[in-house]
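Got the viewer open and a coffee within reach? Here is a short tour, one selection at a time.

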Amino acid sequence: MRRLSPSAIAHLLLLGVVMVWGATFALVKDALHDASPLVFNLLRMTLAALVLVAVNRRVLQRLNRRVLLSGLIVGALLATGYQFQTLGLARTTAAKSAFITGLVVVFVPLLTVFPALRPEGTHTPRWTAGAGALLAFAGLLLLTTPAGTSWGNLFTSIGPGDLLTLICALAFAGHLLSLAHTSKRIPAGQLATLQIGAAAVVMAITLPLGGGLYLSVTPRLVLALGITSVLATAAAFTIQSWAQQHLPPTHTAILLTLEPVFAWLTSFLFLHERMSLRSLAGAGLILAGIAVIELLPSAEPVAAHPAS
């Protein structure tokens, strides 16, 4: 039997990771019947941190103050993204949450306008960032506002869940930029474990800010926590790091762009969510904006993917 090449294995593994990330939107949406958003996040991130500590315990014996501070900053931004995302997911549909979260790919190059945020070796954003942002912004308005909305009420008609998710995309963009600043100086095992551990600590501190807390341990909740903490966090980030060593950046970008599509399919199949033609048009424009930024040539792109 012919063995698969590392490139073929990388394509299949990354496709599997993207499918898992897409499915987690419907999975978490359903699990929020059993746990309040911030309780779910705290449990998810704590479990993922424990797994990563067990896997990377040897490299964690060589930490210094600079590495700890970097892990804390990256983890705080990651926690902020997840807190807003899950609070928003409780108030909007899984498919909308996925497409709006995908805007992180639009925010990353736009934020590099500021020299202090621009990673080393990255130039100012090109016209593709502006063109992609315009497409994605038009798609966002179609996706989040009802038909017949007047221009005067365009922004005020966006739902609170969609607004919270939009803030999450901005926080995830900050997280990716902070990773771009630190990932070349810190071993992957140390950085992955520290950022997830720091995120769990930040989530514990901010737990009271999420309103009413509830938790009911059910098979549905246990399944969701297992998949999101072990597969979608600890395993997925490890696989992605390996796969990207064997894939051209364009192939990686195409695969990662499929995440909101998988989220839409799983929410349709398992939660029976339906999107109107207006929302589908908006989702299509957001994908087009992401594709313009990810696929058209740019000087030095910042590696990015929509977190989930």
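One bit of vocabulary before we start: Ala, Val, Leu, Ile, Met, Phe, Trp, Tyr, Cys and Pro count as nonpolar, Asp, Glu, Lys and Arg as charged, and the others, Gly among them, as polar. Also keep in mind that this is a predicted model.

**Stop 1: a pocket**

Put those classes to use on the second largest pocket, where the lining has 11 nonpolar, one polar and two charged residues. The volume of this second largest pocket is about 210 Å³. To centre your view on it, select A23, A26, L27, L223 and F270, the closest to its centre of the 14 residues that line it. Next, colour helix 1 (6-31), helix 9 (219-243) and helix 11 (259-270), the elements that give two or more residues to the lining. Which helix gives the most to the lining of the second largest pocket? Helix 1 does, with six residues.

**Stop 2: the nonpolar cores**

Now select F40, M45, L103, V104, V106 and I196. Of the 61 residues in the largest nonpolar core, these touch the most other members. If you show helix 2 (residues 37-55) as well, you have the element that gives the most to this core, with eight residues. Another core, of 12 residues, lies apart from it; A10, L14, W21 and L255 are among them.

**Stop 3: a ring pair**

Show the side chains of Y82 and F172. The count of aromatic pairs comes to one. How are its rings arranged? The centres of the Y82 and F172 rings are 5.2 Å apart and the planes sit at 85°, so this pair is edge-to-face, as planes over 60 degrees apart are. The pair links distant parts of the chain: Y82 belongs to helix 3 (residues 65-89) and F172 to helix 7 (residues 160-182), with their positions 90 residues apart. Are Y82 and F172 buried or exposed? Both are buried.

Stay in helix 7 and pick S178. With a relative accessibility of 9%, S178 counts as buried, because the cut-off is under 20%. Draw a distance from its C-alpha to that of A204, 26 residues away along the chain, and you should get 22 Å.

**Stop 4: two helices to check with a ruler**

Go to helix 8 (residues 188-205). At 1.5 Å a residue, its 18 residues should span 26 Å, and the end C-alpha atoms are 26 Å apart, which agrees. Buried residues in helix 8 include G189, L191, L194, I196, V202 and M203.

Then try helix 12 (residues 277-295). Its 19 residues should span 27 Å at 1.5 Å a residue; the end C-alpha atoms are 26 Å apart, which agrees. Among the buried residues here are S279, G282, A283, I286 and I293.

**Stop 5: out in the loops**

Select A116, in the loop between helix 5 (104-111) and helix 6 (127-144). At 71% relative accessibility, A116 counts as exposed. From its C-alpha to that of L194 is 23 Å in space, and the two are 78 residues apart in sequence.

Finish at H272, in the loop between helix 11 and helix 12. What is the phi of H272 near? Phi is near 60°, a positive value in a residue other than glycine. H272 has 55% relative accessibility, so H272 counts as exposed.

Note on methods:
Residues are numbered from 1 along each chain as its sequence is written. This is a predicted model: local features need pLDDT of at least 70, side-chain atom pairs count only at pLDDT 80 or more; totals for chains, interfaces and linings use all residues. Side-chain values use heavy atoms; hydrogens and water are left out. Helices (H or I, at least four residues) and strands (E, at least two) are DSSP runs, numbered from the N terminus. The expected span of a helix is 1.5 Å times one less than its number of residues. Buried means under 20% relative accessible area, exposed over 50%, partly exposed in between (1.4 Å probe, protein chains only). On a 1 Å grid over the protein atoms alone, a cavity is a set of points where a 1.4 Å probe fits but cannot get out, and a pocket is an open set with protein on both sides within 12 Å along at least five of seven lines; lining residues have an atom within 4 Å of a point. Grid points are joined across faces, edges and corners, and a volume is the space filled by probe spheres set on the points. Rings of Phe, Tyr and Trp (its six-membered ring) pair if their centres lie within 6.5 Å; planes under 30 degrees apart count as stacked, over 60 as edge-to-face and the rest as tilted. A nonpolar core is a set of buried Ala, Val, Leu, Ile, Met, Phe, Trp, Tyr and Cys residues joined through side-chain atoms within 4.5 Å.
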